Amino acid sequence: MNYLVHIAIMIEIYIMLALSLNLVLGFGGLMSLCHAAFYGIGAYATTLFMLHFHVSFLPAVAFSLAFTAVIAFLLSFPALRFRGDPFVLVTLGFQIIIYAILYNWISLTRGPYGIPGIPRPEIFGFQITSIKEYFVLASVFLVIIFIFLIPIYNSPYGLTLKALREDEIAAESLGKSAFRSFLTAFVLAGALASIPGSLYATYVTYIDPTSFTIDESIFQLTILLVGGSGNLKGPVAGAIFMVVLPEALRFLGLPSSIAPNVRQIIYGLLLIVFMFFRPQGFLGEYKVR
Amino acid sequence: MMNDGLMIKGLSKSFNGFFAVKEVTAIFLPGRISALIGPNGAGKTTLFHLITGELKPDKGKIIYKGDDITGLPPWKIAKKKIGRLFQDVRIFKNMTVLENVVCSLFSSKEESLFFSFYPKKRRVMDIAFEKAKDLLSLVGLRKEENRRAGELSFGQQKLLAIARLLALGAQVLLLDEPTAGLSVSMRERLLELLKRIVAEDNKKIIVVVEHNMSVVLNIAHWVYFMNEGKISFFGRADHVLGAKEVRELYLGLSA
Amino acid sequence: MLLLQILLNGLVTAGIYALLAIGFGMVYRSLRFFHIAYGAVYTAGAYILYVFYCKLGFPLVIAIFLGIAFSVILGILMDTIAYLPLEKKGATAGVLFIASLGTYIVIVNLIALLFGNEVKVVLEGIQPSFNIGPLILTRLQAIQFIVAWGTVLLFWLAIRKNLTVKALWAMGEAPVLLKVLGFSWKRLRIYAFGISSAIAALASILVALDVGIDPHVGMHAILTGAVAMLVGGMENYWAWVGGAFLLAMCQALSIWKFSARWQDALTFAILILTLLFRPQGLFSPLKRREER
């Protein structure tokens, strides 16, 4: 039973990550490879705020959100000078640089040794202890994110992003500023990614940089490419599918030494197959270009 | 009256020594349709690029309604209600026909992230969708409103692009070869629409780049003839097109 | 003295990086395609060497030759099976990028499945070395230096003298010209992938003989090659070499000053700064906006 609750929590975390990346990829049409970096910054920021400044969970999440937003804001300026291949490379560069900082700035992050003993959240005097309580907490955050994002997805701002995605020059000729709209999306996406980061850190109570690598960014991208993007159901479907898949594989009884490789092979095949036959993913609106 | 016009003074643009636009001075008056004609490569599209901010001029000024708009980026030019039809149309292919028009109807404030949370949002969007439907009816595309815009024919896409410009509230419409690739009936529809636009609002300015002389004679009041980056001839449509020199130059070059 | 030694090592590394840049650049320049799976070809080349030399006992030279040959076949197969059909369907840059990424992931993990994730040594034992003054150079490093830079030079000569290679070089800029000159685009495409794969395998083998192999070296290789090419500039051959040289030297200096752990971050910091301040590349002339 606890196993199923654990899966549910991971699904919720990945739905949050997918819905935020969706703003940049699905609505904005920009392929960002640094989403895992924002996820990681959120995790580390919340952890460090809680451990070093003794703030409780909710204020830590808030500080972490603001901090990640500022980083995303600063990174936007160089990144948004580019589109297409160079944009992907620049975001990849950010991912690698941020990972290097998390891994090598040992005095701050303890690098590869990781940070153990992260306290479970205490919300308004209520201490979360069991996994079922954690699931409720994650669900509450997920609902909040839904309530926040759904109006944005169905707004003039959402239409503006899509127009810029379809044809940036034409959209600008109709009065839309690509830089301003993309900047907003990028900052929002990065900031929102910090929330699942905060949840993850306090859930597994131990973090190290290996959870926030380029492979993680590729995994999150795969969720959107397979599930679909540009709408609400694509990212949700993708997150559920991609989290459940390795668990389903587990039941095939693969020896644990090769299981990660088999998983990766399946991810790679999924990418190729979807690009061939269904570039909009299962339920998405945006076709990768 | 002069103050409401679009004026370009001494506009020049060169690329690596090649002068695409050379000391061009022209004025486009409201309530009129002006035409920009000339052989391919004469610099007409470049001139449009300079006005809309795609390119920055090396020299010269662009003044609209008394404001100097030289060198502003394209989105700011569009905010001043100067709109453009591209040669390759450029509608938003994966959005519906209706969405294409609707997204031009919102003000800057309404397009901001924060507006997504205003209680008024739903109402504003509903009104916008209704207005968009009216505009589609105006250009005759109402029946296609839920189709994916990429599925429209080339002519229909052009009409959609014009509907977008009307949605923008464009007071200046710069149309690059609006009738190219259209069937005769589509062309008629388009030209009637253009004439209606300036008739109903005598503050609107329409400038067309055209290769079809019968179209020019049909709708244009004033014609500029551009060749090798310079304006070599201008005047009333029938005068310019009747002039022996223009006919020789134009027909000679395209022969 | 340590600095000089590090710089000497950097010179050797620069040769390898130059190969990486050239192999990657050939495909990017002629086909405008970001060939991530280049990293997979790189990895495959070394493993084929490993199989023939270490497992099957073939003589080293034959194993090297087979490594390169099989990589060429792999590279061409990738194009034929995956990229070409996608392009025929009208796939755009993003789709091809993802397909290439998927191909990389599948191949590299297949290799890991077959051979394991750990590092494998190819050449046992300590390499003989010789001294250049106070500096030390192993025999293998000398071979790497000579072979890598030799190939760089040879290829440059090929671009100048050999018509086919010239056509490959010009393909990206003026594809129309090819038909006029009688080249089949399809055939040139095969050559492009073939040569690119051969160079990747060569670089991979040179490195494998030195430090061994593991399935995940490919990502580092392709990123280094891509960054070197972009930092140097798209326009000319020596710009790519210049970019590779710069990267290798900066890495060497960073090892001397800080530690080896910041290498990847440094590589990408250089890329980002180059793209921001001199997007045409550090060693390339400025292109007109309209040309881009």
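**View 1. Strands E3 and E9 of chain B run side by side.** In this predicted model, strand E3 (residues 32-37) and strand E9 (residues 222-227) of chain B are parallel and joined by four bridges. One place to look is B:Ala35, whose bridge partner in E9(B) is B:Val223. Zooming out a little, both strands belong to an open sheet of six, in the order E6-E7-E8-E3-E9-E10 (chain B), with mixed pairing. Strand E6 (82-85) and strand E10 (230-236) of chain B form the edges, each pairing on one side only. On average, neighbouring strands of this sheet are turned by 15° against each other, direction ignored.

**View 2. Helices H1 and H5 of chain B meet the six-stranded sheet.** H1(B) lies across E3, E6, strand E7 (172-176), strand E8 (205-209) and E9 of chain B, and runs at about 150° to E7(B). H5(B) also packs on this sheet, where it touches E6 and E7 of chain B. The direction of H5(B) makes about 175° with that of E6(B).

**View 3. Helix H5 of chain B, from its first residue to the glycine that follows.** This helix covers residues 154-168, which makes 15 residues. From first C-alpha to last, H5(B) reaches 21 Å, close to the 21 Å expected at 1.5 Å a residue. How much of H5(B) is buried? The count is 13 of the 15 residues, so the helix is largely enclosed by the rest of the structure. Just after H5(B) comes B:Gly169, with a positive phi near 80°.

**View 4. The four-stranded sheet of chain B.** Here the strand order is E2-E1-E4-E5 (chain B), in an open sheet with antiparallel pairing. Its edge strands are strand E2 (18-28) and strand E5 (67-68) of chain B, and each pairs on one side only. Helix H1 (residues 44-52) of chain B packs on this sheet, touching E1, E2 and E4 of chain B. The direction of H1(B) makes about 65° with that of E2(B).

**View 5. Strand E1 of chain B and its two partners.** With strand E4 (residues 59-64) of chain B, strand E1 (residues 6-15) of chain B runs antiparallel, joined by five bridges. Follow this pairing through B:Ile8, whose bridge partner in E4(B) is B:Ile62, and through B:Ser12, which stands opposite B:Lys59 in E4(B). E1(B) and E2(B) are also antiparallel, paired over seven bridges. In that pairing, B:Leu6 stands opposite B:Phe28 in E2(B). The hairpin of E1(B) and E2(B) has two residues between the strands, and B:Asn16 takes a positive phi near 50° there.

**View 6. Where chain C touches chain A.** How many residues of chain C are in contact with chain A? There are 29, and they contact 31 residues of chain A. Helix H3 (60-88), helix H4 (93-115) and helix H11 (263-277) of chain C are the elements that give two or more residues to this side of chain C. H4(C) gives the most, with 15 residues. By type, the residues on the side of chain C that touches chain A divide into 22 nonpolar, five polar and two charged.

**View 7. Chain B in full, to place the close-ups.** Nine helices and 10 strands make up the helix and strand count of chain B. Its C-alpha atoms fill a box of roughly 60 × 40 × 35 Å along the principal axes. A compact globule of 255 residues would have a radius of gyration near 18 Å, and the 19 Å of chain B agrees. Of those 255 residues, 45% count as buried.

Definitions and conventions. Residues are numbered from 1 along each chain as its sequence is written. Chains are lettered from A and ligands numbered from 1 in the order in which they are written. This is a predicted model: local features need pLDDT of at least 70, side-chain atom pairs count only at pLDDT 80 or more; totals for chains, interfaces and linings use all residues. Two residues are in contact if their C-beta atoms, placed from the backbone, lie within 7 Å. Ala, Val, Leu, Ile, Met, Phe, Trp, Tyr, Cys and Pro count as nonpolar, Asp, Glu, Lys and Arg as charged, and the others, Gly among them, as polar. The expected span of a helix is 1.5 Å times one less than its number of residues. A residue is buried if 20 or more other C-beta atoms lie within 10 Å of its own, exposed if 12 or fewer, and partly exposed in between; C-beta atoms are placed from the backbone. The radius of gyration is taken over C-alpha atoms; the globule rule is 2.2 Å times the number of residues to the power 0.38. Two strands pair if DSSP finds at least two bridges between them. Axes are lines fitted to C-alpha atoms, for helices over the stretch in contact, and angles run from 0 to 180 degrees between N-to-C directions.
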